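Visitor: I would like to learn how to read a model such as this one, feature by feature. Could we begin with a strand and then work outwards?

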Amino acid sequence: MRVLLVEDDDMIGRSLQQALETNGWSVDWVRDGMLAQSALADGNYACVLLDLGLPKRDGMEVLRQARTRGDATPVLVLTARDGLQDRIGGLDLGADDYLVKPYEFGELLARMRAIIRRRDGSAHSVIGNEVVKLDLTTREVQVNGETSALSAREYALLHALLERPGAILSRDQLENRIYGWGEEVMSNAVDVLIHGMRKKLGADVIRNVRGLGWRITATTPEPTPSTGAGE
């Protein structure tokens, strides 16, 4: 899934970007508050990792303006400001969580998973329906009781579809959830990915809605014949 990293320190930003990408995230990294506002306005992110001491526009102001315009993207503040009033101020402005530097990377990942679960309306680390269950912690999928491991891209795509079972996501919407800035995306990349997942999980798990996109049904799917790689 895509995450927006807002961090002006090159060493911290580069290290965090590399660690997140190693763990399967697509990372868009910006280094000042003005660029953060533009990215938030244009992007579709699973969450935002927001430093507060930013050039051009303070992180608190970035957060304030995002919430004022109704942007509900989960925000995890990562900052060296450890004062009580700073923490209270960030949370009151709409931050979903607050982590003080230095922190353990494992805890950061756990907090990211937690704020994304809350956004999805789930207190548990497993989402899905009666047939398809996705574990957000292990990144494994269970279909009819059989568990399979997923690649980072497969996980991002399945998570996007399972956030709102039954909702149709277009090719553009799926590309925005899976790929970050600068990543070369072939015109049939989503089709190829879904074709591989249908072979792995079963042809009835991900349904094509011709001319609109793809969906996972909200309830147990009825079997349907396969009609090709683009489904």
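Guide: Let us begin with a single strand, and keep in mind throughout that this is a predicted model. Along β8 the side chains take turns, with Val141 and Val143 pointing to one face, where they are buried, and Glu140 and Gln142 pointing to the other face, where they are not buried.

Visitor: Which side chains along β7 are buried, and which are not?

Guide: The side chains of β7 alternate too: Val132 and Leu134 point to one face and are buried, whereas Lys133 and Asp135 point to the other and are not.

Visitor: How many strands does the open sheet have, and in what order do they lie?

Guide: To read a sheet, one goes from strand to strand and asks how each is paired. This open sheet has four strands in the order β6-β7-β8-β9, and the pairing is antiparallel. At the edges are β6 (126–128) and β9 (146–149), each of which pairs on one side only. On average, neighbouring strands of the sheet are turned by 25 degrees against each other, when direction is ignored.

Visitor: How many bridges join the strands, starting with β8 and β9?

Guide: Strand β8, residues 140–143, is joined to β9 by four bridges, and the two run antiparallel; Gln142, for example, has Thr147 in β9 as its bridge partner. Four bridges also connect β7 and β8 in the antiparallel sense, and there Leu134 has Val141 in β8 as its bridge partner. Between β6 and β7 there are three bridges, again antiparallel, and Gly128 stands opposite Lys133 in β7.

Visitor: What lies between the strands of each hairpin, and where is phi positive?

Guide: For a hairpin, one counts the residues between the strands and then looks at the backbone angles there. The hairpin of β7 and β8 has four residues between its strands, and Arg139 in the turn has a positive phi of about 60 degrees. In the hairpin of β8 and β9 there are two residues between the strands, and Asn144 takes a positive phi near 50 degrees. The hairpin of β6 and β7 has three residues between its strands.

Visitor: At what angle do α6 and α8 pack, and which residues meet there?

Guide: For two helices, one considers the angle, the distance between the axes and the residues that meet. Helix α6 and helix α8 (residues 189–201) pack at an angle of about 90 degrees, with their axes 11 Å apart; α6 and α8 are therefore roughly perpendicular to each other. From α6, Arg153, Glu154, Leu157 and Leu158 meet Val190, Leu193, Ile194, Met197, Lys200 and Leu201 of α8. The residues of this contact divide into seven nonpolar, no polar and three charged.

Visitor: Which residues have the most contacts inside the largest nonpolar core?

Guide: To read a core, one asks which residues belong to it and where they come from. The largest nonpolar core has 48 residues, and those with the most contacts inside it are Trp25, Leu49, Met112, Leu157 and Leu174. Helix α6, residues 152–163, supplies the largest share of this core, namely seven residues. Leaving aside neighbours within four places in sequence, Leu157 is in contact with Leu174, Ile178, Val190, Leu193, Ile194, Met197 and Ile206. A second, separate core has 19 residues, including Ala39, Val48, Leu54 and Ala95.

Key:
Residues are numbered from 1 along each chain as its sequence is written. This is a predicted model: local features need pLDDT of at least 70, side-chain atom pairs count only at pLDDT 80 or more; totals for chains, interfaces and linings use all residues. Side-chain values use heavy atoms; hydrogens and water are left out. A nonpolar core is a set of buried Ala, Val, Leu, Ile, Met, Phe, Trp, Tyr and Cys residues joined through side-chain atoms within 4.5 Å. Buried means under 20% relative accessible area, exposed over 50%, partly exposed in between (1.4 Å probe, protein chains only). Contact means heavy atoms within 4.5 Å. Axes are lines fitted to C-alpha atoms, for helices over the stretch in contact, and angles run from 0 to 180 degrees between N-to-C directions. Angles under 35 degrees count as roughly parallel, over 145 as roughly antiparallel, 65 to 115 as roughly perpendicular and the rest as oblique. Ala, Val, Leu, Ile, Met, Phe, Trp, Tyr, Cys and Pro count as nonpolar, Asp, Glu, Lys and Arg as charged, and the others, Gly among them, as polar. Two strands pair if DSSP finds at least two bridges between them.
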